[in-house]
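Let's take a walk through this structure together, stopping at a handful of places along the way. Have the sequence and the model open as you read.

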Amino acid sequence: MKDATRAIALVDGEHHPSVTRWALASASAAGYDVALAILVGGIEKLGAGAAADLGGFPIRRGEADPARALAAAIDEVRPDVVLDLSDEPVLAYETRMEMAAVSLAGGVPYEGPDFRFEPPVTGAPVAAATVAVIGTGKRVAKTGVTGHLARIADADGLRPVIVSMGRGGPAQPTVAGATDVTLDALLARAERGEHAASDFLEDALTAGVPAVGARRAGGGLAGAPFVTNAGRAADVAVDMGAGLVILEGSGSSLPPVPWDAGVLVVPAGVPPAHVAGYMGPLRVLLSDVAVIIMGVGPGSGPENLSALESHIRRLRAGIRVAIADLEPVPLAEVRDKDVFFATTANAAASVRLAERLEATAGCRVVTVSSRLADRDGLAADLASSPPFDVLLTELKAAAVDVAARDAVARGAQVVFVDNRPVSAGGDAEVDEVLRYAASLALERGAERLEARR
């Protein structure tokens, strides 16, 4: 006989107690072992003492803070599922998604009458300390933050290896080191039809540490890929002797491998509802550190920043927040050179980056193209550009197969640029916050591995 599914049920006082008793009895008859019912709010149909009479099912009052009550109950009960028998207006759309996020962050499916969300992180933990860098979406500076974290960890002697999954990653986990990210090696990849600007190649180039490339396809609302080989890539990193495995997410998709500490990268211009609503709370709950990147997105003013910080701190008590600007850093000397600068940043941000390059690297930017991710547009910008000595480009999108090929054909030098986070506020310097995430990962990883022995 199939074992009953151990459940926490969410109920409300908008239903008459007799109806709630009926719902719980129906759940029991359907194979749910309701270990606890949490009253999440509503008083319209609750009589005096009625909340305590639900047909013998244990009940806990949680209307003051339903999310906190659910999180505590998950730790205590360890259910197989959270069964939502409530409804709006007690659990309005935003609140219900936050409850789902709490459940999934606890590794528990969240189920209701016509929906079921599964936890996105379902892989086996690896035999090394792990820190994940995840984001609210694509091109929010995850790779820049990942590379910076790796450089800090490398300087501290932690033997970091980056595991990066992407929509253009390799069919089999592939290791990249310094010799794999020279211009000639990248052009050769492009000639073979490979994605020569995959994130793991950018990681190896900019961070100067080994990176293992993986691929993924699709992405669910909670961040699970439809299919990925990132788990196998993480095993490769461990076999390489990594002291710290840095898992890099892809877009809003999450690595499938459980991590010991999490870093969330948030563009300052993201709508606050994307952090506080939908499945944004899940990504906050899975993180110990948040890095808010200024100048990314259309609405990155102080009001938006304040709203983002407020939501992040409300959702995750004790989270450390760093605010950072991106500093473009050429990986070779370009002083006194005429430069074509190619970037995936939007038009306004690309102009700011170009001005920063001129100020810090001493070059003259003759053309700025924000169309690095638009192959036809990038080709048009190259064709209409004044002569230039150097193509200065991020290693993303069409950097190799369009931009670098064009530059080589016209005899120009190709120099890659890294966008590095520099502190602009928050709880502490960005380096300190990232070092804190690495130390948390090492501490928790050691405890986890010791418990397995």
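A residue is called buried when its relative accessible area is under 20%, exposed when it is over 50%, and partly exposed in between. Keep in mind throughout that this is a predicted model.

With those cut-offs in hand, start at Arg 78, in the loop between helix H2 (66-77) and strand E4. Its relative accessibility is 46%, so Arg 78 counts as partly exposed. The backbone here deserves a look too: phi of Arg 78 is near 50°, a positive value in a residue other than glycine.

A second residue invites the same kind of inspection. Tyr 278 sits in the loop between helix H8 (273-276) and helix H9 (280-285), and although it is not a glycine, its phi is positive, at about 55°. Because its relative accessibility is 57%, Tyr 278 counts as exposed.

Staying with the backbone, go to the loop between strand E4 (81-84) and helix H3 (93-105), where you will find Pro 89. The peptide bond that joins Glu 88 and Pro 89 is cis, with omega about 10°.

Another proline, Pro 58, has its place in the loop between strand E2 (32-39) and strand E3 (59-61). With a relative accessible area of 39%, Pro 58 is partly exposed. What does Pro 58 touch, not counting residues up to four places away in sequence? The list is Val 34, Ala 35, Leu 36 and Ala 37. Ile 8 is 50 residues from Pro 58 in sequence, and their C-alpha atoms are 10.0 Å apart in space.

Now for a residue on a strand. Thr 130 belongs to strand E7 (residues 129-135). Is Thr 130 buried or exposed? Its relative accessibility is 1%, and therefore Thr 130 counts as buried. Leaving aside neighbours within four places in sequence, Thr 130 is in contact with Leu 244, Val 245, Leu 247, Pro 258, Trp 259, Asp 260, Ala 261, Ala 441 and Arg 448. One of these partners, Pro 258, also offers its backbone oxygen, which lies 3.4 Å from a polar atom of the Thr 130 side chain.

Our last stop is helix H13 (residues 399-409), seen first with helix H5 (residues 183-191): their axes come within 10 Å and cross at roughly 125°. H5 and H13 are therefore oblique to each other, and their crossing is left-handed. On the H5 side, Leu 183, Leu 186, Leu 187, Ala 190 and Glu 191 take part, meeting Val 400, Asp 401, Ala 404, Arg 405 and Val 408 of H13. By class, the residues of this contact of H5 with H13 comprise 7 nonpolar, no polar and 3 charged.

Helix H12 (residues 375-384) also packs with H13, the two axes coming within 10 Å and crossing at roughly 15°. How are H12 and H13 oriented, roughly parallel or roughly antiparallel? Angles under 35 degrees count as roughly parallel, and so H12 and H13 are roughly parallel to each other. Their crossing is right-handed. H12 contributes Arg 375, Leu 378, Ala 379 and Leu 382 to the contact, while H13 contributes Asp 401, Val 402, Ala 403 and Asp 406. The contact of H12 with H13 has 5 nonpolar, no polar and 3 charged residues. Asp 401 of H13 takes part in both helix contacts, with H5 and with H12.

How values were computed: Residues numbered from 1 in each chain as written. Predicted model: local features only at pLDDT ≥ 70, side-chain atom pairs only at ≥ 80, totals over all residues. Heavy atoms only, no water. Helix = DSSP H or I, 4+ residues; strand = E, 2+ residues; numbered from the N terminus. Buried < 20%, exposed > 50% of the residue type's maximum accessible area, 1.4 Å probe, protein only. Polar contact = N/O pair within 3.5 Å; in protein donor to acceptor, adjacent residues only side chain to side chain. Contact = heavy atoms within 4.5 Å. Axes fitted to C-alpha atoms, helices over the stretch in contact; angles between N-to-C directions. Parallel < 35°, antiparallel > 145°, perpendicular 65-115°, else oblique. Left-handed = near helix turned anticlockwise from the far one by under 90°. Nonpolar A, V, L, I, M, F, W, Y, C, P; charged D, E, K, R; others polar.
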